[in-house]
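Hello,

Here is the structure I promised to pass on to you. Have a look at it first, and then read my notes below.

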Amino acid sequence: SSLADGQRVPAGELWTGSPAASVGQHDRSHLPPRPAVTSGRLAFETVFFTVATFAIALIFFMPLFPTFVVVDYMLPDGPIDVDNFLLTGLQYALMAMPASAILIFFTALLAATVRWIATPRINPGIYPVHGSMYYRKWLINQIQDMSLFTLHSIYATVYAASWFRLLGAKVGKRAEISTAVGTLPDMLELGEESFIADAVMLGDDDIEGGWMTLRKTTVSDRSFVGNGAYVPDGTIIPPNTLIGVQSHTPPN
């Protein structure tokens, strides 16, 4: 949506579009009452999110060590000729290829391992935001966001589909994936020869009223989702469908 300067959204209304306009009253009747939360739970969450944030950053720093070990093994006595800038640069450039492969491999393996340990399986449903399922879903999101920095080069390549399968998504043959964000692998199914372009918000969870709703998202065979498009969770895109750039999937 896009709200212009000076616009005001009244209480209880649902606005959407660009520019945003009212489409009626917002209905929360499908949600249970907001869950109660104790002060002890809030204190636990403060500690949990703080520790987890630093732990995830530390975990994704670890693959650097085997990478440097490879470089050190290839250069036990230092560079061949430190006085020759071009020769030294070429030497390090050649070493960077196997070192980068080691970094990408261990990062992908570590991310997938942490993902499956933290959340072996997620089922569709409605979960309180102050509960274990929300914490595990949050961990998956952080793992995917952190790994994107190191593994960004495999997106939009033939390896992207294998990476999503490793995380638990169902990906059909010859499907192409660029930098999809907000995905929950357990809830994602991509059909054969489907295409996910850059920066697609694909199946992000719905959080409202103290509850997190998880639904399965399906992109059927030979459907194309354009750059920056928004595909809410629970969407089923039929075969041979085009979702345009910077657009929202229609309600039907």
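The notes that follow go from the overall picture to a few residues and then to the salt bridges.

Please keep in mind that this is a predicted model. The protein has 252 residues, of which 35% are buried. Its secondary structure comes to five helices and 15 strands, and along the principal axes the C-alpha atoms fill a box of roughly 70 × 50 × 40 Å. Among contacts with a separation of 6 or more, 47% are between residues 24 or more positions apart.

On the surface, about 14600 Å² is exposed, and carbon and sulfur atoms supply 64% of that area. There are 15 positive and 21 negative charges, and their mean positions lie 12 Å apart. You may also want to look at a nonpolar surface patch of about 440 Å², made by Leu58, Phe61, Met62 and Phe65. Of these, Met62 sits in the loop between α1 (39-59) and α2 (64-74). With a relative accessibility of 45%, Met62 counts as partly exposed.

Next, a pair of threonines that touch each other. Thr107 belongs to helix α3 (residues 85-118), and Thr150 to helix α4 (residues 132-151). Which residues does Thr107 contact, leaving aside its neighbours within four places in sequence? They are Phe60, Pro63, Thr150 and Leu151. Thr107 has a relative accessibility of 0%, so it counts as buried. Thr150, by contrast, is partly exposed, with a relative accessible area of 26%. Its own contacts, with neighbours within four places again left out, are Leu103, Ile104 and Thr107. One further distance may help you find your way here: the C-alpha atoms of Thr150 and Ser100 are 9.5 Å apart, while their positions lie 50 residues apart along the chain.

Now to the salt bridges, of which the count is seven. I picked out three of them for you.

- Asp186 and Arg115 meet through their side chains, at 1.9 Å from N to O. Asp186 lies in the loop between β5 (176-177) and β6 (188-190) and Arg115 in helix α3, so this salt bridge ties together parts that are 71 residues apart in sequence. Arg115 is buried, because its relative accessibility is 1%, under the 20% cut-off.

- Glu189 and Lys216 form another salt bridge, at 2.9 Å from N to O. This pair also links distant parts of the chain, 27 residues apart: Glu189 is in strand β6, and Lys216 is in the loop between β10 (211-214) and β11 (217-219). Both ends are partly exposed, with a relative accessible area of 27% for Glu189 and a relative accessibility of 39% for Lys216.

- Arg215 pairs with Asp206, and here the closest N and O atoms are 3.7 Å apart. Salt bridges that share partners join Asp206, Arg215 and Asp233 into one network. Arg215 is partly exposed, with a relative accessible area of 34%, and Asp206 is partly exposed as well, at 28% relative accessibility.

If you have time for two places in the viewer, I would start with the contact between Thr107 and Thr150, and then go to the network of Asp206, Arg215 and Asp233.

Best wishes

Conventions: Residues are numbered from 1 along each chain as its sequence is written. This is a predicted model: local features need pLDDT of at least 70, side-chain atom pairs count only at pLDDT 80 or more; totals for chains, interfaces and linings use all residues. Side-chain values use heavy atoms; hydrogens and water are left out. Helices (H or I, at least four residues) and strands (E, at least two) are DSSP runs, numbered from the N terminus. Buried means under 20% relative accessible area, exposed over 50%, partly exposed in between (1.4 Å probe, protein chains only). Contact means heavy atoms within 4.5 Å. Accessible areas come from the Shrake-Rupley method with a 1.4 Å probe; for residues, only the protein chains shown count as cover. Lys and Arg count as positive and Asp and Glu as negative; His and the chain ends are not counted. The place of a charge is taken as NZ of Lys, CZ of Arg, CG of Asp or CD of Glu. Patches are made of residues with over 30% relative accessible area and no salt bridge: like charges are joined within 9 Å, nonpolar side chains (Val, Leu, Ile, Met, Phe, Trp, Tyr) within 5 Å. A salt bridge is a side-chain nitrogen of Lys or Arg within 4 Å of a carboxyl oxygen of Asp or Glu.
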